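Please explain where enclosed empty space is left inside this protein, and how one pair of its helices packs together.

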Amino acid sequence: MQLHQLGLELALADVHPQLTLWWQQAVSAEWASDEADDRLLLGLGAFWRHWGSLSFVERQHLQTRRAELDIREVDRLRLQQAAQNGGRLALVQGLIPGYQDYPQLQRQLHRLLQLTQQPWPGLSTATLRPGESAAVVPVLRERLRLLGDLASSAPPAEPDHYDAELEQAVRQFQQRHGLMVDGVVGRHTYSWLDVTPLTRAQLLMRSMLRTLIGDALPSSYLLVNIPEYRLRLYQEQAMVLESDVIVGRGSRKTPIMASEITNVVVNPPWNVPRSIINKDILPRLYQDPDYIYREGFEVLDRDGRIVPGEEWFARLPEGFPYHLRQRPGSRNALGAYKFHLPNNDAIYLHDTPSRGLFSRDSRALSSGCVRVEEAEQLAQWLLGEQWSPSRLADLKASQRTRWLKVSRPLPVLMVYWSGWSGADGRLHFRDDIYGFDRSLTSPFPDGQPHTQLLSRNRGVL
């Protein structure tokens, strides 16, 4: 029934242990009853009521596990009336979340849970390249067939040979997982091949919950999906720009946040945060004092006075009680554009001179801010009503710093979606770079075969 399906989805997402228990009881042979179904239905209603009270940031962090599922007396009365007048189905249908293409999501979950019946041995072994032969090849071929990346099920003439058909399947798998698309099966590709179907189903449902970011989106906004390393700009709900991005490393995470771009700073100077001075720049200065001048930094005292080299160098052994500012130019860490976001974390989007970093498959490399590959196109879109491309190019070439106010602040949402269904109908996953989904509890109790639970849901999966 639909009620059990809705309970299964939240149990997979591991959002609340009590809700998972109520679902387990409702579908188990031992506990199944009308009372168990009623308890699950009321619990689902309480969960979604709590979800509605959460902020955007709390939803991205799935801060629900410790919530008190408050089942109100008015909900019990409404359920009793619905049972008497045949309105129970309407109550259940009123709990269906607003997922995009919900029927397709149900089909994908059904397929993943079917795969839990398959053996799923670890494949990780020596790096495998196209044209090579290895004992892991037949198992790799079967794994990709089960995951939908390899269409052919006929055994090849040379079972252990890594042929062109298998290479194409590996490349598609790598593309779906944000890996380097080179056909080489190395450590990173093996790690995703070894992720079990159940874990995939759980990651998918947790990400789908995070897509429920609010009751309404603005007509134009910028979405940064942190684990995907991807930015998308929407105008009147249509995507008009996509760009690869670089986000904060694990020790200096890009925060989940909702803000807005109010200004574009052309040729911005970089006022280096104290944390970066202490952790990154000072260790270099002890080895190479000329680093300051090669990279175009100015040393400033607390009054903004530029400190001569002999003065700050003499005090280097006792610390560095100065500020650092990097002048605009080709070496400036912010590149030619900074996109200002009012927030308390000093986080913003910006350009970068280190263009080669965008070719990496893992791009959690910054100190928290978001580097944008297509920064120039974003600046032109934001300033297009006031600045023509040629005027903006002239300003950029002058290396003069200008703060330019955008005509309408652009909402920015930084989200954490590590799994989704693509336009091609295939599932896509990304590394859980900040460990948001690292420890997940299986909704299937120990000692109870998955088939028992799934058989009771066969009409809804």
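In this predicted model, two cavities of 30 Å³ or more are counted. Such spaces can be found because rolling a probe the size of a water molecule over the atoms shows where empty space is left.

The largest cavity has a volume of about 50 Å³. Its lining is formed by His177, Gly178, His188, Pro227, Tyr229, Asp361, Ser362, Arg430 and Asp431. By class, these lining residues comprise two nonpolar, four polar and three charged.

The second largest cavity, with a volume of about 40 Å³, is bordered by Leu6, Glu9, Leu10, Leu44, Trp48, Leu95, Pro97, Tyr99 and Met205. Here the lining consists of eight nonpolar residues, no polar ones and one charged residue. Two helices, H1 (2-13) and H3 (34-53), each supply at least two residues of this lining. The helix that gives the most is H1, with three residues.

Attention now turns to helix packing. Two packed helices are described by the angle between their axes and the distance between the axes. For helix H8 (residues 137-146) and helix H9 (residues 164-176), the axes come within 10 Å and cross at roughly 55 degrees. H8 and H9 are therefore oblique to each other, and their crossing is left-handed. On the H8 side, Val137, Leu140, Arg141 and Leu144 take part in the contact, meeting Glu165, Leu166, Ala169, Val170 and Phe173 of H9. The contact of H8 with H9 involves seven nonpolar residues, no polar ones and two charged residues.

Methods. Residues are numbered from 1 along each chain as its sequence is written. This is a predicted model: local features need pLDDT of at least 70, side-chain atom pairs count only at pLDDT 80 or more; totals for chains, interfaces and linings use all residues. Side-chain values use heavy atoms; hydrogens and water are left out. On a 1 Å grid over the protein atoms alone, a cavity is a set of points where a 1.4 Å probe fits but cannot get out, and a pocket is an open set with protein on both sides within 12 Å along at least five of seven lines; lining residues have an atom within 4 Å of a point. Grid points are joined across faces, edges and corners, and a volume is the space filled by probe spheres set on the points. Ala, Val, Leu, Ile, Met, Phe, Trp, Tyr, Cys and Pro count as nonpolar, Asp, Glu, Lys and Arg as charged, and the others, Gly among them, as polar. Helices (H or I, at least four residues) and strands (E, at least two) are DSSP runs, numbered from the N terminus. Axes are lines fitted to C-alpha atoms, for helices over the stretch in contact, and angles run from 0 to 180 degrees between N-to-C directions. Angles under 35 degrees count as roughly parallel, over 145 as roughly antiparallel, 65 to 115 as roughly perpendicular and the rest as oblique. A crossing is left-handed if the near helix is turned anticlockwise from the far one by less than a right angle, and right-handed if clockwise. Contact means heavy atoms within 4.5 Å.
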